[in-house]
Amino acid sequence: MAGASAAHGADYPNRSVRVIVPYPAGGPTDLIARLAAQMLTESFGQDFFVENVSGASGVRGALIVAAAPGDGYTLMVATSDLAIAPVMSTKVGYDALKNFVPISIISRSPSVLLLHPSVPAKTVQEFATLARADPAKYSYASMSLGQNLLNTERLFRLTLKLPIVRIPFPGAAPILSSTTAGHTLVAYIGLPPATPFIKEGTLQASLAVFGFTAVGSTPDEFAAQIKSDIDRAAAVVRDAGIKVD
């Protein structure tokens, strides 16, 4: 959770507070934001209301928050895309370190490598062996932009050095639909939207399965995380040869 500025009086809040979620309603970030907004409303006695402003992997909503008055009445709940987007493009229009004041990391959740049940692999190394033997068969589905792209580049192209093709999708729902149907045998996404499919057995997770973990960090710890995300993303972009426009 971040804001445009930390400037506010001792009576804050004395009116409703807008909480921007730069992603569509119903996704994991939206659900976390609504839980946080409900708890803040109950704690402060003022309405913290969620507004979904999706587009451009979170950039559209982030720009609205960056341009808002620095009075603490426009907040944002975002993902690591907040830090990564400016690394991917010089045209984003905001600086993740300069244009926002970090409040707290609300929660963490891992990404998972998912395989269709027909794939005869139970571990990452078993999958790597299969993929190296037949890379055309094991093209993988991932998000079109943002954190998942970079994580995928790191996992498949840098760490495992697999010559397999990445197929971009606009969101988690079409990724899961494609993989459960067997159109793409492999997917790499965040855990929360995939959890029901893993439990039902329509996908097998090849990495450890965990849910959201509550954090509640200090602002300084959050700022350090943003800086770390930027540095890590820059390294992946450089090592993978990703073109930055």
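## A buried residue in strand 10

A residue counts as buried when its relative accessible area is under 20%. I189 has a relative accessible area of 1%, and therefore I189 is buried. This residue belongs to strand 10. The model described here is a predicted one.

I189 and L113 are 76 residues apart along the chain, yet their C-alpha atoms are separated by 7.0 Å. Strand 10, which covers residues 186-190, runs antiparallel to strand 7, and 5 bridges join the two. Within this pairing, V186 of strand 10 stands opposite L115.

## Strand 7

Strand 7 spans residues 111-115, and 5 of its 5 residues are buried, so the strand is largely enclosed by the rest of the structure. Its residues point in two directions: S111, L113 and L115 go one way, while V112 and L114 go the other way. Residues on both sides of strand 7 are buried.

## Helix 6 and its surroundings

Which residues of helix 6 are buried? In this helix, residues 172-180, they are I175, L176, S178 and T179. They cover an arc of only 165° around the axis, so they sit on the same side of helix 6.

The buried residues of helix 6 pack against four strands and a helix: strand 7, strand 8 (140-143), strand 9 (166-169), strand 10 and helix 7 (191-200). After helix 6 comes G182, which has a positive phi, near 85°.

## The five-stranded sheet

Elsewhere in the chain, 5 strands form an open sheet with mixed pairing, in the order 3-2-4-1-5. Strand 3 (48-52) and strand 5 (101-102) are at the edges; each has a single partner strand, so one side of each has no neighbour in the sheet.

The partner of strand 5 can be followed in detail. Strand 1, residues 2-3, pairs with strand 5 in the antiparallel sense over 2 bridges. G3 has V101 of strand 5 as its bridge partner. At the other edge, helix 1 (residues 28-44) lies across strand 2 (17-21) and strand 3, and runs at about 160° to strand 3.

## Nonpolar cores

The largest nonpolar core has 23 residues, and those touching the most other members are A62, M76, L82, Y94, F100, I226 and I230. Helix 2 (59-67), helix 3 (81-88) and helix 8 (219-240) are the elements that give two or more residues to this core. Helix 3 gives the most, with 6 residues.

What does F100 touch, leaving aside residues up to four places away in sequence? Its contacts are A2, G3, A62, V65, A66, M76, L82, Y94 and D95. Another core, of 16 residues, lies apart from the largest one, and its members include L113, A121, L162 and V186.

## Salt bridges

The model has 5 salt bridges. One of them joins the side chains of R15 and D71, with an N to O distance of 3.1 Å. R15 is in the loop between strand 1 and strand 2, and D71 is in the loop between helix 2 and strand 4 (74-76), so this pair ties together parts that are 56 residues apart in sequence. R15 is partly exposed, with a relative accessible area of 41%. D71 is also partly exposed, at 21% relative accessibility.

Other salt bridges lie within a single helix. In helix 1, R34 and D30 are 4 residues apart, about one turn of the helix. Their side chains meet in a salt bridge at 2.9 Å, N to O. R34 is partly exposed, with a relative accessible area of 37%, whereas D30 is buried, with a relative accessible area of 2%.

In helix 8, D229 and R232 are 3 residues apart, about one turn of the helix. The closest N and O atoms of this salt bridge are 2.6 Å apart. Here D229 is buried, with a relative accessible area of 5%, and R232 is partly exposed, at 32% relative accessibility.

Terms used:
Residues are numbered from 1 along each chain as its sequence is written. This is a predicted model: local features need pLDDT of at least 70, side-chain atom pairs count only at pLDDT 80 or more; totals for chains, interfaces and linings use all residues. Side-chain values use heavy atoms; hydrogens and water are left out. A nonpolar core is a set of buried Ala, Val, Leu, Ile, Met, Phe, Trp, Tyr and Cys residues joined through side-chain atoms within 4.5 Å. Buried means under 20% relative accessible area, exposed over 50%, partly exposed in between (1.4 Å probe, protein chains only). Contact means heavy atoms within 4.5 Å. Two strands pair if DSSP finds at least two bridges between them. Axes are lines fitted to C-alpha atoms, for helices over the stretch in contact, and angles run from 0 to 180 degrees between N-to-C directions. The arc is that of the directions from the helix axis to the C-beta atoms. A salt bridge is a side-chain nitrogen of Lys or Arg within 4 Å of a carboxyl oxygen of Asp or Glu.
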